[in-house]
Amino acid sequence: MTAPASVAPLLDVSGIEVRIGGRALLSDVALTVDRGEVVGLVGPNGAGKSTLLRAISGVQSSDGSVAIEGRPAAGFDRREFARTVAVVQQLPEAPPSMRVGDLVLLGRHPHLGWFEHESARDHQIARLAMTRAGCLEFADRELGTLSGGERRCAFIARGLAQEPALMLLDEPTANLDAGAQAEVCELLRELAADGVGVLVVLHDLTLAAAYCDRVVLLADGRVLDSGPPSEVITAEQVARMYGSGVTVLHHPDHGRPIIVPATRD
């Protein structure tokens with residue numbers, strides 16, 4: 001009996017190296033993301049998290065290999081890549097006079113032919129994306145009038161409108177209050193339930209532990225550890241990365257790690 005062929009990970013990153021000005025920003029970084037999985041990329045400031053997302057998306061030149069659905073990412077043209085991968089940058093740029101609805105509709109452009117205009121279906125998908133990202137109510141407002149959190153939700157909606165197989169998000173919960181952070185993370189879980197793979201940079205270790213299937217610990221441009229949050233976000237690893245200023249507790253219901261400032265006697 002012939003054994004079934006193995007299914008390639010949705011995203012397979014291997015041996016990524018980035019050097020700028022003789023300094024190594026990333027060294028031999030490897031990770032995978034499967035369909036229907038949320039993988040959190042965590043680590044201290046300057047660890048190389050954003051650089052890694054840029055390398056995966058092709059914005060940052062790098063050595064090593066990036067494969068998407070078993071194909072080298074370098075073999076995708078820009079439109080095909082954008083139909084497959086949505087990237088939500090930490091500080092995305094767009095004209096301040098652009099309306100939120102128009103920004104989100106840009107997510108449909110990789111699916112359009114040359115000189116083709118958005119159809120009613122494209123508008124429907126954009127509207128659904130805004131609803132899911134929580135920005136439909138300000139669809140007619142200009143980006144320049146939005147708060148930092150509202151602006152971030154608009155760019156998440158643009159990514160959703162691409163209907164990607166994989167989403168790469170750099171600090172999507174930045175500038176959001178606790179409730180909005182939870183809503184964004186719940187959205188990532190919903191996307192995973194729909195079969196989307198998610199790689200997300202998170203600054204908050206407690207959020208990463210609560211919402212990610214796996215976490216990848218990055219420090220000084222190298223992967224320290226990866227695996228389920230309860231196995232990776234330990235007191236020893238947190239102290240190794242951040243020093244002794246934090247304490248790792250465990251949630252009384254589900255047992256996942258909770259990171260709090262260390263208390264003084």
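This report describes a pocket, a helix and the loop after it, a buried charged residue and several salt bridges in a predicted model.

## The largest pocket

The largest pocket holds about 630 Å³ of space. Its lining is made up of 20 residues, and those nearest the centre are Arg78, Phe81, Ala82, Val85 and Gln162. Two elements give two or more residues each to this lining: helix H2 (78–84) and strand E6 (85–88). H2 provides the largest share, with four residues.

The lining is mixed in character. Ten of the lining residues are nonpolar, five are polar and five are charged.

## Helix H1 and Gly58

Helix H1 is mostly covered, since eight of its nine residues are buried. The buried residues are Lys49, Ser50, Thr51, Leu52, Leu53, Ala55, Ile56 and Ser57.

Gly58 follows just after H1 and has a positive phi of about 90°. Gly58 belongs to the loop that runs between helix H1 (49–57) and strand E4 (63–68). Its relative accessible area is 59%, which is over the 50% cut-off, so Gly58 counts as exposed. Along the chain, Gly58 and Ala73 are 15 residues apart, while their C-alpha atoms are separated by 8.1 Å.

## A buried charge without a salt bridge

Glu171 sits in the loop between strand E7 (166–170) and helix H6 (178–193). Glu171 is buried, yet it has no salt bridge. Which side chain of opposite charge is nearest to Glu171? It is that of Lys49, 5.5 Å away. A salt bridge needs a side-chain nitrogen within 4 Å of a carboxyl oxygen, so a pair at a greater distance is not counted. Lys49 is itself one of the buried residues of H1.

Leaving out residues up to four places away in sequence, Glu171 touches Gln90, Arg152, Val201, Leu202 and His203.

## Salt bridges

Side chains of opposite charge can pair when their charged atoms come close. The model has eleven salt bridges. One of them joins Glu80 and Arg71, whose closest N and O atoms are 2.7 Å apart. Glu80 has a relative accessible area of 22% and is therefore partly exposed. Arg71, at 34%, is also classed as partly exposed.

Asp102 and Arg99 form another salt bridge, with an N to O distance of 3.0 Å. Both residues fall between the limits for buried and exposed: Asp102 is partly exposed at 35% relative accessible area, and Arg99 is partly exposed at 29%. A further salt bridge links Arg132 with Asp194, and here the closest N and O atoms are 3.3 Å apart. Arg132 is in helix H4 (residues 120–133), whereas Asp194 is in the loop between H6 and strand E8 (197–201), so this pair ties together parts that are 62 residues apart in sequence. Arg132 is partly exposed, with a relative accessible area of 30%. Asp194 is exposed, with a value of 55%.

Some salt bridges share partners. Through such sharing, Arg99, Asp102 and Asp140 are joined into one network.

Key: Residues numbered from 1 in each chain as written. Predicted model: local features only at pLDDT ≥ 70, side-chain atom pairs only at ≥ 80, totals over all residues. Heavy atoms only, no water. 1 Å grid on protein atoms, 1.4 Å probe; cavity = no way out; pocket = protein on both sides within 12 Å on 5 of 7 lines; lining within 4 Å. Points joined across faces, edges and corners; volume = space filled by probe spheres on them. Nonpolar A, V, L, I, M, F, W, Y, C, P; charged D, E, K, R; others polar. Buried < 20%, exposed > 50% of the residue type's maximum accessible area, 1.4 Å probe, protein only. Lys, Arg positive; Asp, Glu negative; His and termini not counted. Contact = heavy atoms within 4.5 Å.
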